[in-house]
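Q: Can you walk me through this one? I'd like to go through it piece by piece.

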Amino acid sequence: KPQGNDRAQAKAIFQGICDVAIMNSYYYGQMLFGDKPEQREWASAVNLVFTNQDDRGNHVNISGGGVAKHSQNKDHAIAFLEFLTMPTAQYLYGEINYEYPVNPAVTVKGQ
């Protein structure tokens, strides 16, 4: 039975300890395109599956932002959040952290 973090789940699949594991998809990207050959091997043994996209959906973790109600810099905070949704920022976020962009006009490696 696999134990440990997301990378340990991929390693367990690679080693044949299990056939199915739950992990965050961005770790898959970090391993597959990272600089550690053994982790690239682990990731190559994994097939990502996004379950039931037809009616129930799939559990997801999100990265989000907001502006505190009593912020003294609301205009700057809003400008920053707007910047984060622009194509350049979304592209970089996807390429560096391997998370899916929220801007539908942006695609990243492996999509």
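A: A note on terms before we start: helices here are DSSP runs of H or I with at least four residues, numbered from the N terminus. On that numbering F80 sits in helix α4, residues 74–84. The model is a predicted one.

Q: Predicted, fine. What is the mean pLDDT of the chain?
A: The mean is 89, and 95% of the residues reach 70 or more.

Q: And which helix has the lowest confidence, which the highest?
A: Helix α5 (residues 87–97) is lowest, at a mean of 90. Helix α3 (residues 37–44) is highest, at 97.

Q: Back to F80. How exposed or buried is F80?
A: F80 has a relative accessible area of 49%. The cut-off for exposed is over 50% and for buried under 20%, so F80 counts as partly exposed.

Q: Which surface patch is F80 part of?
A: A nonpolar one of about 380 Å², made by F80, F83, L84 and M86.

Q: Now α5. Which of its residues are buried?
A: In α5 the buried residues are A89, Q90, G94 and E95.

Q: What covers the buried residues of α5?
A: The cover includes α4.

Q: And what follows α5?
A: Y98 does, with a positive phi near 60°.

Q: Y98 also touches Q30, I think. What is Q30 in contact with, leaving aside neighbours within four places in sequence?
A: Q30 is in contact with R7, N97 and Y98.

Q: Where is Q30, and how accessible?
A: Q30 is in helix α2, residues 25–32. Its relative accessible area is 21%, which makes Q30 partly exposed.

Q: How far is Q30 from A77?
A: The C-alpha atoms of Q30 and A77 are 29 Å apart in space, and the two residues are 47 apart in sequence.

Q: Different topic: aromatics. How many aromatic pairs are there?
A: The structure holds three. One is F50 with Y100: the ring centres are 6.1 Å apart and the planes are at 75°, so this pair is edge-to-face.

Q: Why does the angle make F50 and Y100 edge-to-face?
A: Because planes over 60 degrees apart count as edge-to-face, and the planes of F50 and Y100 are at 75°.

Q: Which parts does the pair tie together?
A: F50 lies in the loop between α3 and α4, and Y100 in the segment after α5, so the pair ties together parts 50 residues apart in sequence.

Q: Are F50 and Y100 buried or exposed?
A: In between: F50 is partly exposed at 42% relative accessibility, and Y100 is partly exposed at 46%.

Technical notes. Residues are numbered from 1 along each chain as its sequence is written. This is a predicted model: local features need pLDDT of at least 70, side-chain atom pairs count only at pLDDT 80 or more; totals for chains, interfaces and linings use all residues. Side-chain values use heavy atoms; hydrogens and water are left out. Patches are made of residues with over 30% relative accessible area and no salt bridge: like charges are joined within 9 Å, nonpolar side chains (Val, Leu, Ile, Met, Phe, Trp, Tyr) within 5 Å. Accessible areas come from the Shrake-Rupley method with a 1.4 Å probe; for residues, only the protein chains shown count as cover. A salt bridge is a side-chain nitrogen of Lys or Arg within 4 Å of a carboxyl oxygen of Asp or Glu. Helices (H or I, at least four residues) and strands (E, at least two) are DSSP runs, numbered from the N terminus. Buried means under 20% relative accessible area, exposed over 50%, partly exposed in between (1.4 Å probe, protein chains only). Contact means heavy atoms within 4.5 Å. pLDDT is the predictor's confidence in each residue, from 0 to 100. Rings of Phe, Tyr and Trp (its six-membered ring) pair if their centres lie within 6.5 Å; planes under 30 degrees apart count as stacked, over 60 as edge-to-face and the rest as tilted.
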